[in-house]
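Got your viewer open? Let's walk through this one together, picking one spot after another.

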Amino acid sequence: MVIYFGNDLDQINDEVLGLKDSKKIVFDGDFSSIFDEINQSSLFGQPKNIIITDADFLLDKSEEASKLIDTLNKNDSEVFCLVKNDKLDKFNPIVKKLKIKLIKKNKITDFNKFDEIKKICLEENINFDSQKTFEKFVDHLANNYLFVKSEIEKIKIYCGDRKVTEKDIEEIMLDNFEGNIFLLNTYILRNQLKESLNLYNKLISLKHQPVEIIQIISSQIFKVKLYKEALNQNLPFTQINSNLQITPFQARQMAYVKDISLGKINFILDKLFELDTNIKMGLVDPNQSFKFFLAFINL
């Protein structure tokens with residue numbers, strides 16, 4: 001059994017988003033409902049993972065809560081409990097007695113920023129050539145986990161396995177709306193739904209509008225289409241990059257395009273045009289329809 005706790009729900013929820021073969025349960029305050037869900041899972045085939053969100057029963061010190069925690073800990077499935085709580089002493093005492101893994105996720109603040117981002121970089125296998133480079137990287141970042149994660153993803157795409165340098169930071173760590181849209185296009189074309197949704201939510205939180213995002217995505221994916229057509233014609237990379245005004249960073253990001261079919265690119269462009277039209281005609285909710293678009297093209 002694993003408990004993710006702390007005061008940053010974005011980080012806590014991110015830990016289980018990619019788990020496959022998972023049964024998700026939302027604790028609503030009723031202990032019996034959790035027992036029923038667990039028993040039902042046993043009857044109809046045990047999932048590999050059980051994810052329980054809003055797991056406030058972990059903070060309940062009653063005998064009933066202790067029994068539930070003990071039962072979950074003995075379950076054949078791997079049980080992940082997510083709870084917003086940053087104090088160990090608030091947990092039911094049985095949590096400390098059992099073999100339960102506790103992983104704390106702290107909200108990034110000005111006071112812990114360096115330490116928290118360092119931990120995330122270690123988890124993502126990001127290495128820097130010097131402390132000065134790392135400090136420059138951290139100075140660029142906002143105190144927001146989803147923003148930090150998306151910027152780390154940029155670094156991973158650009159630098160691969162090598163150490164990050166100050167020059168890398170200068171070239172790609174720009175708080176640039178179009179740069180984030182370019183990264184969003186990469187996620188869309190590579191069927192990375194979780195990353196697409198996270199970055200889209202970040203752009204919305206920064207007050208960008210869905211129609212604005214759609215228009216720039218469309219123009220950039222059209223550029224990807226031209227890039228793919230040029231690759232099919234075996235034109236020199238220098239000529240392609242010059243003609244399409246593609247930066248070195250974008251060229252590295254677009255290495256995957258050789259494996260993407262023109263059919264898929266055209267399909268996405270058609271769906272973007274359809275979505276843009278429906279939003280402008282007032283037929284759909286802009287925010288929710290864009291999320292539906294992301295899920296649909298990843299089917």
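Select Lys132 to begin: is Lys132 buried or exposed? Lys132 is exposed, with a relative accessible area of 56%. Keep in mind along the way that you are looking at a predicted model.

**Stop 1: from Lys132 to its partner**

With Lys132 still selected, add Glu166. The two form a salt bridge, and their closest N and O atoms are 3.9 Å apart. Follow the chain between them and you'll see that this pair links distant parts: Lys132 sits in helix H6 (residues 131-140) and Glu166 in helix H8 (residues 166-172), 34 residues apart. Glu166 counts as partly exposed, at 24% relative accessibility.

Why might two such side chains team up at all? Side chains of opposite charge can pair when their charged atoms come close.

**Stop 2: more salt bridges**

How many salt bridges does the structure hold? There are 14.

For another one, select Glu123 and Lys105. Their side chains meet in a salt bridge at 3.3 Å, N to O. Glu123 belongs to helix H5 (residues 113-123) and Lys105 to strand E5 (residues 101-105), so this pair ties together parts that are 18 residues apart in sequence. Now colour the two by accessibility: Glu123 is partly exposed, with a relative accessible area of 48%, whereas Lys105 counts as buried at 5%.

Next, pick Arg162 and Asp168. Here the closest N and O atoms of the salt bridge are 2.8 Å apart. Arg162 is partly exposed, at 36% relative accessible area, while Asp168 is buried, at 4%.

While you're looking at salt bridges, select Asp14, Glu124, Lys149 and Lys156 together. Salt bridges that share partners join these residues into one network.

**Stop 3: a serine in helix H7**

Jump to Ser150, in helix H7 (residues 145-159). Is Ser150 buried or exposed? Ser150 counts as buried, at 6% relative accessibility. Show its surroundings: leaving aside neighbours within four places in sequence, Ser150 is in contact with Leu183, Tyr187, Leu199 and Lys202. Zoom in on Lys202, whose side chain makes a polar contact with the side chain of Ser150 at 3.4 Å.

**Stop 4: two phenylalanines in helix H15**

Head for helix H15 (residues 286-297), where you'll find Phe292. Phe292 counts as exposed, at 59% relative accessibility. Add Phe267 and Phe296 to the selection: with Phe292, they form a nonpolar patch on the surface, with about 310 Å² of accessible area together.

Now go to Phe293, also placed in helix H15. Phe293 counts as buried, at 5% relative accessibility. What does Phe293 touch? Beyond its neighbours within four places in sequence, Phe293 is in contact with Ile188, Ile268, Lys271, Leu272 and Leu275. If you'd like a distance to draw, take the C-alpha atoms of Phe293 and Ile268: they are separated by 9.2 Å, with the two residues 25 apart along the chain.

**Stop 5: Leu262**

Select Leu262, which lies in helix H14 (residues 262-280). Leu262 counts as partly exposed, at 26% relative accessibility. Not counting residues up to four places away in sequence, Leu262 touches Lys225, Lys228, Glu229 and Asn232. For another distance, try Val224: its C-alpha atom is separated from that of Leu262 by 9.5 Å, and the residues are 38 apart along the chain.

**Stop 6: two loop residues with an unusual backbone**

Most residues other than glycine have a negative phi, and most peptide bonds are trans. With that in mind, visit Asp54, in the loop between strand E3 (49-53) and helix H3 (63-73). Asp54 has a positive phi of about 55° although it is not a glycine, and it counts as partly exposed at 44% relative accessibility.

Then hop to Asn234, in the loop between helix H11 (210-232) and helix H12 (237-244). Its phi is also positive, near 60°, and Asn234 is not glycine either. Asn234 is exposed, with a relative accessible area of 69%.

**Last stop: colour by confidence**

Finally, switch the colouring to pLDDT. The protein averages 87, and 94% of the residues score at least 70. Which element has the lowest mean pLDDT? Select helix H13 (residues 248-253), with a mean of 67; strand E1 (residues 2-6) has the highest, at 95. Where pLDDT is low, the predicted coordinates should not be read in detail.

Notes: Residues are numbered from 1 along each chain as its sequence is written. This is a predicted model: local features need pLDDT of at least 70, side-chain atom pairs count only at pLDDT 80 or more; totals for chains, interfaces and linings use all residues. Side-chain values use heavy atoms; hydrogens and water are left out. A salt bridge is a side-chain nitrogen of Lys or Arg within 4 Å of a carboxyl oxygen of Asp or Glu. Helices (H or I, at least four residues) and strands (E, at least two) are DSSP runs, numbered from the N terminus. Buried means under 20% relative accessible area, exposed over 50%, partly exposed in between (1.4 Å probe, protein chains only). Patches are made of residues with over 30% relative accessible area and no salt bridge: like charges are joined within 9 Å, nonpolar side chains (Val, Leu, Ile, Met, Phe, Trp, Tyr) within 5 Å. Accessible areas come from the Shrake-Rupley method with a 1.4 Å probe; for residues, only the protein chains shown count as cover. Contact means heavy atoms within 4.5 Å. A polar contact is a pair of N or O atoms within 3.5 Å; within protein, one must be able to donate a hydrogen and the other to accept it, and residues adjacent in sequence count only if both atoms are side-chain atoms. pLDDT is the predictor's confidence in each residue, from 0 to 100.
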